[in-house]
Structures are given as C-alpha cells and as structure tokens.
Amino acid sequence: MAGGKLIVFSAPSGSGKTTIVRHLLEIPALNLDFSISATSREPREHEIDGEDYYFISTEKFKSHIKNGDFLEWEEVYRDNFYGTLKTEIERIWAKGKNVIFDIDVVGGLRIKKKYPEETLAVFVKPPSVDELKIRLKKRKTESEEKINMRIAKASVEMATAPQFDYIIENDKLENAFKEAEQLVMQHISEKKRENEEE
Ligand code: 5GP
C-alpha cells in the first residue's frame with residue numbers, strides 16, 4: 001500500500017475527540033482524510049451515511065467479520081458493533097492522503113500494533129468522569145441508560161491512556177486543538193524528511 005500516515009484519536013465517549021478530529025480535517029496542510037467506520041448502531045439525527053459512518057445492519061456487519069474485511073472491529077457497546085474496513089485505508093492512501101481515525105481505545109491500540117511505524121496514537125483525556133457525564137447529558141444524543149453505559153466504560157478506557165504515544169488533556173478546547181495540530185504536523189513532517197532522504 002502507498003505510504004501515507006495513520007493518526008489515531010481515541011478516548012472515552014464525550015471527551016471531545018470527534019470535535020478535535022473534525023478541526024484537524026479542516027487544516028489543508030495536514031493532508032488528512034477521515035476513516036469512515038462501519039457501525040451497526042442507529043444513525044443520530046444529523047449523521048449522514050457514508051460521511052460519518054457506513055450504517056449497516058448487524059447481519060451485514062457479521063458477514064464482513066466472516067469475510068475478514070475488517071482491519072479491526074469491536075462490539076464497543078452491547079449489540080453496537082464498530083469497525084474499520086481494510087478498504088478505507090486503501091481508499092485514502094490511494095489519494096496520497098494521511099488517514100485520521102476516531103475510534104475506541106481498543107481499536108486504536110490495535111491499529112498502532114499493526115502499523116507501529118506509520119501510526120501516531122493520541123489519547124484524549126477528559127478533565128474527569130463527572131465532566132464526561134455532564135457533556136454526554138448536554139449532547140442529548142443518548143438515553144439515560146446509554147449514557148450510564150458509556151460512563152461505566154469510561155473508567156476502563158481511561159486506564160489505557162499510558163499505552164498511547166501522547167495524551168492530550170481536553171480541558172480547554174483551544175489548547176487541545178493547538179496541541180493536536182502540533183503533534184500531527186510533527187508526525188507528518190517525519191515522513192517528509194524520510195522521503196527526502198530516499
Ligand atoms: P459513537 O456511537 O459515539 O459514534 O461511537 C462510540 C465509540 O465507538 C467511540 O469511542 C468511537 O470512537 C468508537 N468507534 C467509532 N468507529 C470505530 C471503529 O471503526 N472501530 C472501533 N474499534 N471503535 C470505533
């Protein structure tokens with residue numbers, strides 16, 4: 001596969017990683033394209049199929065698993081499957097772009113393990129689990145039960161932070177944006193230098 005870079009942003013739900021990833025995608029110099037995951041969960045009101053996710057049935061998801069189509073996949077929450085199709089990376093690298101992922105901690109670390117040289121793995125840390133709860137409630141995209149499920153998982157997810165290349169504290173969004181921009185720019189420049197030496 002043509003040699004773009006992989007940039008993983010992982011974090012507990014509600015930590016603001018999607019906002020950071022969306023911000024980075026707006027910066028042309030970073031040459032990023034978003035890895036669109038497949039999921040069996042229902043689309044939220046504003047979400048677009050083929051842009052935010054490929055929304056597919058559980059049955060179709062399971063047939064992709066069987067066919068070995070996923071680079072990684074997880075049942076992130078019970079009965080909610082999420083996965084990165086191998087074709088996503090091929091699609092983006094073929095365009096000469098770097099891939100940015102917004103995925104859960106297990107999936108993120110799996111990608112890092114599969115592509116250790118190419119991958120920058122960043123963990124976005126929310127100020128606290130209480131703050132997460134406030135943000136998820138404010139977002140109003142999940143039921144009380146689903147919010148509790150996400151909160152229960154957050155502590156387990158927080159414990160994986162040291163396994164990432166970097167941890168960004170998302171206390172103030174402006175600072176988190178700047179830090180993320182610098183990290184990605186640095187990672188991409190490393191590639192440029194290597195190419196120049198060839
Ligand atoms: P949400 O339902 O809030 O969009 O996503 C729930 C969680 O699943 C988030 O942590 C999100 O980053 C993660 N996720 C999204 N796509 C993937 C994927 O392809 N693989 C894995 N492992 N997790 C994903």
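A11 is buried in this predicted model. Its relative accessible area is 2%, which falls under the 20% cut-off for a buried residue. A11 sits in the loop between β1 and α1 (17-25). Leaving out residues up to four places away in sequence, A11 touches K17, I103, V105, F123 and V124. A residue much further along the chain also belongs to this picture. A154 is 143 residues from A11 in sequence, yet the two C-alpha atoms are 8.3 Å apart in space.

The loop between α1 and β2 holds A29 and also N31. A29 has a relative accessibility of 48%, so it counts as partly exposed. The C-alpha atom of A29 is 9.7 Å from that of I188, a residue 159 places away along the chain. N31 is likewise partly exposed, at 26% relative accessibility. The backbone of N31 also deserves a note. Most residues other than glycine have a negative phi. The phi of N31 is positive, near 55 degrees.

K140 repeats this backbone feature. Its phi is positive and near 55 degrees, and K140 is not a glycine. K140 lies in the loop between α5 (129-139) and α6 (144-158). Its relative accessible area is 72%, so K140 is exposed.

N98 presents a contrasting environment. Its place is in strand β7. With a relative accessibility of 1%, N98 counts as buried. The side chain of N98 has a polar partner in the backbone. One of its polar atoms lies 3.2 Å from the backbone oxygen of L30.

Strand β7 (98-102) is also one of the elements against which helix α3 packs. The helix spans residues 86-94. Within α3, the buried residues are E88, I89, I92 and W93. Seen down the helix axis, these residues fall within an arc of 120 degrees, so they line one face of α3. That buried set packs against several strands. Besides β7, the partners are β1 (6-10), β2 (32-34), β4 (53-55), β5 (70-77) and β6 (80-85). After the helix comes G96. The phi of G96 is positive, near 75 degrees.

Aromatic side chains were examined next. The structure holds seven aromatic pairs. In one of these, the rings of F61 and F70 have centres 4.6 Å apart. Their planes meet at 25 degrees, so the pair is stacked; the cut-off for stacking is under 30 degrees. F61 and F70 are both buried. The pairing extends beyond these two residues. Ring pairs join F61, F70, W73 and F81 into a cluster.

The ligand has 18 residues around it. Those that come nearest are S37, R41, Y53, Y82 and D104. Polar contacts to ligand oxygen atoms come from both side chains and backbone. An N or O atom in the side chain of R44 is 2.9 Å from a ligand oxygen. In the side chain of D102, an N or O atom is 3.0 Å from an oxygen atom of the ligand. G83 contributes through its backbone, where a polar atom is 3.2 Å from a ligand oxygen. Taken alone, the ligand exposes 510 Å². The protein buries 96% of that area.

S37, one of the residues that come nearest the ligand, lies in strand β3 (residues 37-39). At 6% relative accessibility, S37 counts as buried. Its neighbours within four places in sequence were set aside before contacts were listed. S37 is then in contact with Y53, Y54, G83, T84 and I103. Among these, Y53 is also one of the residues that come nearest the ligand. G83 is the residue whose backbone makes the 3.2 Å approach to a ligand oxygen. I103 recurs as well, among the residues touched by A11.

Terms used
Residues are numbered from 1 along each chain as its sequence is written. This is a predicted model: local features need pLDDT of at least 70, side-chain atom pairs count only at pLDDT 80 or more; totals for chains, interfaces and linings use all residues. Side-chain values use heavy atoms; hydrogens and water are left out. Buried means under 20% relative accessible area, exposed over 50%, partly exposed in between (1.4 Å probe, protein chains only). Helices (H or I, at least four residues) and strands (E, at least two) are DSSP runs, numbered from the N terminus. The arc is that of the directions from the helix axis to the C-beta atoms. Contact means heavy atoms within 4.5 Å. A residue is near a molecule or strand if one of its heavy atoms lies within 4 Å of it. A polar contact is a pair of N or O atoms within 3.5 Å; within protein, one must be able to donate a hydrogen and the other to accept it, and residues adjacent in sequence count only if both atoms are side-chain atoms. Accessible areas come from the Shrake-Rupley method with a 1.4 Å probe; for residues, only the protein chains shown count as cover. Rings of Phe, Tyr and Trp (its six-membered ring) pair if their centres lie within 6.5 Å; planes under 30 degrees apart count as stacked, over 60 as edge-to-face and the rest as tilted.
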